[in-house]
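User: Could you take a close look at one strand for me, and then show me how the rest is arranged around it? Cut-offs would be handy, since I'd like to check things myself.

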Amino acid sequence: MTKKPEIKPADGKLGILLPGLGAVGTTLVAGTCMVRKGLGRPYGSLTQMGTIRLGKRTENRVPLIKDFVPLTPLQDIVFGGWDIFKDTAYESALNAAVLRQEHIDSVRDELRALKPMKAVFDKNYVKNLDGPNVKHGKTKMDLAEQLMQDMAEFKQKNGLDRVVVLWTASTEVYQPVSKVHLDMDLFEKGLRENAPEISPSMIYAYAALKSHIPFAMGAPNVSVDIPALLQLARENKVPVSGKDFKTGQTLMKTILAPGFKARLLGINGWFSTNILGNRDGEVLDDPGSFRTKEVSKLGVLDTILQPDKYPELYKNLHHVVRINYYPPRGDNKEGWDNIDIFGWLGYPMQIKINFLCRDSILAAPVALDLALFMDLAQRSGMSGIQEWLSFYYKSPMVREGLYPENDLFIQLTKLKNTLRYLKGETLITHLGVEYYDYFE
Ligand SMILES: NC(=O)c1ccc[n+]([C@@H]2O[C@H](COP(=O)([O-])OP(=O)(O)OC[C@H]3O[C@@H](n4cnc5c(N)ncnc54)[C@H](O)[C@@H]3O)[C@@H](O)[C@H]2O)c1
């Protein structure tokens with residue numbers, strides 16, 4: 001018997017702390033402030049615009065998600081964050097040039113008030129960046145303690161009831177799980193002894209979880225998913241989720257691949273290339289950071305297509321992903337996909353996609369939803385990995401021994417059924433035999 005979840009109300013204010021106030025971070029903050037003032041609409045956000053069907057199709061019960069589960073209203077959100085540059089969110093938003101100047105200016109006061117705290121940074125983990133606004137400490141444990149103090153002060157100064165931390169900082173160099181990551185004793189020893197395998201993002205995650213604050217990882221970094229931090233999340237009963245916001249090309253892949261698979265269309269090759277000119281593109285120009293991204297991007301097709309179950313259709317699929325740094329494009333990424341498919345009797349066909357997307361415009365609503373749902377998870381007593389939030393991630397975290405669900409439509413069903421479950425509503429299986437008299 002599982003016990004019925006009890007959801008605490010979303011009373012008081014929620015702090016959203018962002019390590020990384022770059023393109024995604026500032027587009028999230030500026031957009032939320034604009035929506036709050038009625039100056040823009042939160043397109044792309046399930047928490048703000050999505051509905052959920054309850055009961056049978058004949059019942060006509062389809063409330064907004066935000067009216068169905070208690071989520072923090074946008075008016076009650078306070079943003080804070082860290083960055084290696086001293087620019088306020090206003091300057092950083094201008095610099096990122098995702099939003100038009102008039103939009104940024106419409107919330108200038110709010111953005112100017114957001115001054116980044118000093119970051120925990122290590123150039124070995126982000127080779128193409130360096131900045132002056134960084135913390136110093138003898139050991140990585142000292143740095144973690146400074147972050148914990150930042151979090152406590154932010155909460156106290158702003159009169160907050162709850163806080164979540166959402167990583168919107170750069171992609172770090174690929175760091176495979178090693179001995180120091182295996183349990184909390186080894187990890188804390190590593191923090192005290194400055195183990196090189198402990199990355200800045202792991203230090204942020206540790207500081208959050210120690211402070212009983214949920215942590216979500218928006219980059220593909222190996223970080224909150226290491227065994228030591230998962231152990232800490234369970235022990236301190238804190239939700240964690242990740243990794244890598246699912247936007248752009250991977251979003252398209254997880255929309256299209258389930259369709260090909262559903263119709264048993266074979267795929268010989270899927271070639272994806274991108275040109276991207278923002279700072280994220282510059283960071284990903286380093287092979288170490290690109291490797292972390294590549295692992296995250298390549299993983300999605302396998303779990304959707306299941307080549308082991310469908311060897312004739314998908315075993316020989318050549319999946320290639322490239323990202324090229326091309327400054328003229330700024331945040332407006334251009335992604336090309338060439339998909340070589342085959343159908344009846346093996347006849348080949350090709351599909352070409354040219355997605356002129358705006359990366360941070362796609363990422364901001366994902367980041368907002370994640371912050372609000374992570375807070376809901378915390379108030380509902382759901383700790384550890386939040387697999388129901390895989391909808392938002394390229395490399396969803398799952399319990400050991402499970403494969404992740406990457407199909408966007410399975411992910412959405414999982415998310416909505418989790419909300420129904422939390423509220424004691426019947427889960428929707430789409431079986432629908434009750435509408436017909438087949439078995440009477
Ligand atoms: N935009 C998208 O669609 C998308 C999708 C998936 C993942 N992401 C990931 O989200 C992250 C942010 O993307 P972005 O486009 O905003 O990049 P960005 O380069 O514009 O912003 C990242 C910011 O993080 C700061 N930073 C780097 N290391 C830091 C540290 N240790 N502590 C604090 N700040 C630090 C940088 O100075 C920069 O201001 C990247 O890791 C990116 O890969 C973005």
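Analyst: Burial first, as we'll need it straight away: a residue counts as buried if 20 or more other C-beta atoms lie within 10 Å of its own, as exposed if 12 or fewer do, and as partly exposed in between, with the C-beta atoms placed from the backbone. This is a predicted model, so local features need pLDDT of at least 70 and side-chain atom pairs count only at pLDDT 80 or more, while totals for chains, interfaces and linings use all residues. Numbering starts from 1 along each chain, as its sequence is written.

The part to zoom in on is strand β1, residues 14-19. Strands here are DSSP runs of E, at least two residues long, and helices are runs of H or I, at least four long; both are numbered from the N terminus. In a regular strand the side chains alternate between the two faces of the sheet. So which residues cover each face of β1? Leu 14, Ile 16 and Leu 18 sit on one side, Gly 15, Leu 17 and Pro 19 on the other, and all of them are buried. That makes 6 of 6 residues buried in β1.

Now the neighbours. Two strands pair if DSSP finds at least two bridges between them. On that basis β1 runs parallel to β2 (residues 77-83), joined by 6 bridges, and Leu 18 faces Gly 81 there. β1 is also parallel to β4 (residues 162-167), this time through 4 bridges, with Ile 16 opposite Val 164.

Zoom out and you get an open sheet of 7 strands with parallel pairing, in the order β3-β2-β1-β4-β5-β6-β11. The edges are β3 (117-118) and β11 (384-385); each has a single partner strand, so one side of each is left without a neighbour in the sheet. At the β3 end, the link to β2 is parallel and takes 2 bridges, and Trp 82 has Met 117 of β3 as its bridge partner.

How does this fit into the whole chain? The protein chain has 16 helices and 11 strands, and 47% of its 440 residues are buried. Its C-alpha trace spans about 70 × 50 × 45 Å along the principal axes. The radius of gyration, taken over C-alpha atoms, can be held against a globule rule of 2.2 Å times the number of residues to the power 0.38. For 440 residues a compact globule would come out near 22 Å, and the chain has 22 Å, which agrees. Contacts (C-beta atoms, placed from the backbone, within 7 Å) reach far along the sequence: among those with a separation of 6 or more, 78% join residues 24 or more positions apart.

The domain bounds come from an automatic or database domain assignment, which gives domain 1 (14-245 + 361-422) and domain 2 (249-358). Their centres, over C-alpha atoms, are 25 Å apart. Where they touch, 28 residues of domain 1 are in contact with 28 of domain 2. On the domain 1 side, the elements giving two or more residues are α15 and α16 (408-422). That side divides into 15 nonpolar, 7 polar and 6 charged residues. For these classes, Ala, Val, Leu, Ile, Met, Phe, Trp, Tyr, Cys and Pro count as nonpolar, Asp, Glu, Lys and Arg as charged, and the others, Gly among them, as polar.

Then there's the ligand. A residue counts as near it if its C-beta atom, placed from the backbone, lies within 6 Å. The shell has 37 residues, the closest being Gly 20, Gly 22, Ala 119, Ala 219 and Arg 279. The elements that put two or more residues into the shell are α1 (23-36), β2, α12 (279-284) and α15 (359-379), and α15 gives the most, with 4. By class, the shell has 20 nonpolar, 12 polar and 5 charged residues. Both domains give residues to this shell, so the ligand lies between them.

For contrast with buried β1, try Tyr 403, in the loop between β11 and α16. Tyr 403 counts as exposed because 11 C-beta neighbours fall inside 10 Å.

Technical notes:
Contact = placed C-beta atoms within 7 Å.
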